[in-house]
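Work through the following exercises with the structure open beside you. Each task is followed by a solution that goes step by step.

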Amino acid sequence: MSASLKGSNSSKFQVSEFILMGFPGIYSWQHWLSLPLAILYLSAIGANTLILITICQDPALQQPMYYFLGILSVVDMGLATTIMPKILAIFWFDAKVISLPECFAQIYAIHCFVGMESGIFLCMTFDIYVAICHPLCYPSIVTNALILKATMFMVLRNGLFVIPVPVLVAQHNYCSRNEIEHCLCSNLGVTSLACNDRRPNSICQLLLAWIGMGSDLGLIILSYTLILCSVLRLNSAEAASKALRTCSSHLIFILFFYTVVVVVSVTHLAESKAPLIPVLFNVLQHHSPFPQPYGLCTED
């Protein structure tokens, strides 16, 4: 084991660094994934940057729906940049070592960005709800001031709410074992190396994560229930079809996002015998090169 250990006494050690092993089960040839992952990362950065430039330069796109899409693009780039450079460093330079503070900081950043993405999905859903269910009141409800307040609230909520997650992870005693069967620092992956009882903290971490995203998901489900009821009451089949096209792509990506969160959480809790599954789901979630085509069909 390549980690340096510092002894706290003759029988108890505390690791000073972790080793990110990469993709479980394919260590011998995982470096071949570096090129497609690098292309995926650059595609994500390029596509999101292009969206931001287009929104800024085209006056026709300076509307609430596209502002939310721009914010989501920034969050996507932040999330991808949080983990992809380290993954590529592992593959290209065998830089598997990560210090405990860096690992805990990555855990915080991942939870913060994922929570913000969930919050932006909720904001987008509210925008669609008002546009479909209360179209006459839309200009007076969804204003630039509301967008700014909602964005600031999501930043502060997730920035503060997820602080206990890395703090709880740091409270564990990590002795002798320091190899993380992952290509990034996930809270459950790190706490699985703890020598002391990790179940209470793991449950607390999951509760904190799911209270935030769970409330978002509950409000999204409520909003889409009201949207569906409103669409079913429309007398025009053409109007109903247009309303469904407006939110279909957004709903698909919401389902994908929360499905990934659920699958990763369940496989970690179940201590899956196929650890490659949650790793691949994490990479897919964090590095989607094309952000949600939200609102692109509203001009039909």
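**Exercise 1.** Identify the residues that make up a nonpolar surface patch of about 370 Å² in this predicted model, and then decide how Val167 is to be classed by its accessibility.

*Solution.* The patch is made by Leu156, Leu160, Ile163 and Val167. Taking Val167 as the member to examine, one finds this residue in helix H6, which covers residues 164-170. The relative accessible area of Val167 is 41%; since buried means under 20% and exposed means over 50%, Val167 is therefore classed as partly exposed.

**Exercise 2.** Describe helix H2 by its length, its bend and its surroundings.

*Solution.* Begin with the length: H2 spans residues 64-93, 30 residues in total, and its first and last C-alpha atoms lie 43 Å apart, which is close to the 44 Å expected at 1.5 Å a residue. Next comes the bend, a kink of about 30° at Thr81, placed shortly before the proline Pro85. For the surroundings, count the buried residues: they number 24 of the 30 in H2, so this helix is largely enclosed by the rest of the structure. Finally, look just past the helix, where Asp94 follows H2 with a positive phi near 55°.

**Exercise 3.** Compare the settings of Cys103 and Asp216 by finding the helix, the accessibility and the contacts of each residue.

*Solution.* Cys103 is found in helix H3, residues 100-133, and Asp216 in helix H8, residues 199-232. With a relative accessible area of 0%, Cys103 is buried; Asp216, at 2%, is buried as well. Once neighbours within four places in sequence are left aside, Cys103 is in contact with Phe18, Ile98, Ile180, Cys185 and Val190. Of these partners, Val190 lies 87 residues away along the chain, yet the C-alpha atoms of Cys103 and Val190 are separated by 8.7 Å. Under the same exclusion of residues up to four places away, Asp216 touches Gly115, Ser118, Gly119, Leu122, Arg157 and Tyr258.

**Exercise 4.** Summarise the protein chain by its secondary structure, its burial, its contacts and its surface.

*Solution.* The secondary structure comes to 10 helices and 5 strands. Of the 300 residues in the chain, 50% are buried. For the contacts, consider those between residues at least 6 apart in sequence: 78% of them join residues at least 24 apart. The accessible surface, lastly, comes to about 14,600 Å², and 71% of this area belongs to carbon and sulfur atoms.

Notes. Residues are numbered from 1 along each chain as its sequence is written. This is a predicted model: local features need pLDDT of at least 70, side-chain atom pairs count only at pLDDT 80 or more; totals for chains, interfaces and linings use all residues. Side-chain values use heavy atoms; hydrogens and water are left out. Helices (H or I, at least four residues) and strands (E, at least two) are DSSP runs, numbered from the N terminus. The expected span of a helix is 1.5 Å times one less than its number of residues. The bend at a residue is the angle between axes fitted to the seven residues ending there and the seven starting there. Buried means under 20% relative accessible area, exposed over 50%, partly exposed in between (1.4 Å probe, protein chains only). Contact means heavy atoms within 4.5 Å. Accessible areas come from the Shrake-Rupley method with a 1.4 Å probe; for residues, only the protein chains shown count as cover. Patches are made of residues with over 30% relative accessible area and no salt bridge: like charges are joined within 9 Å, nonpolar side chains (Val, Leu, Ile, Met, Phe, Trp, Tyr) within 5 Å. A salt bridge is a side-chain nitrogen of Lys or Arg within 4 Å of a carboxyl oxygen of Asp or Glu.
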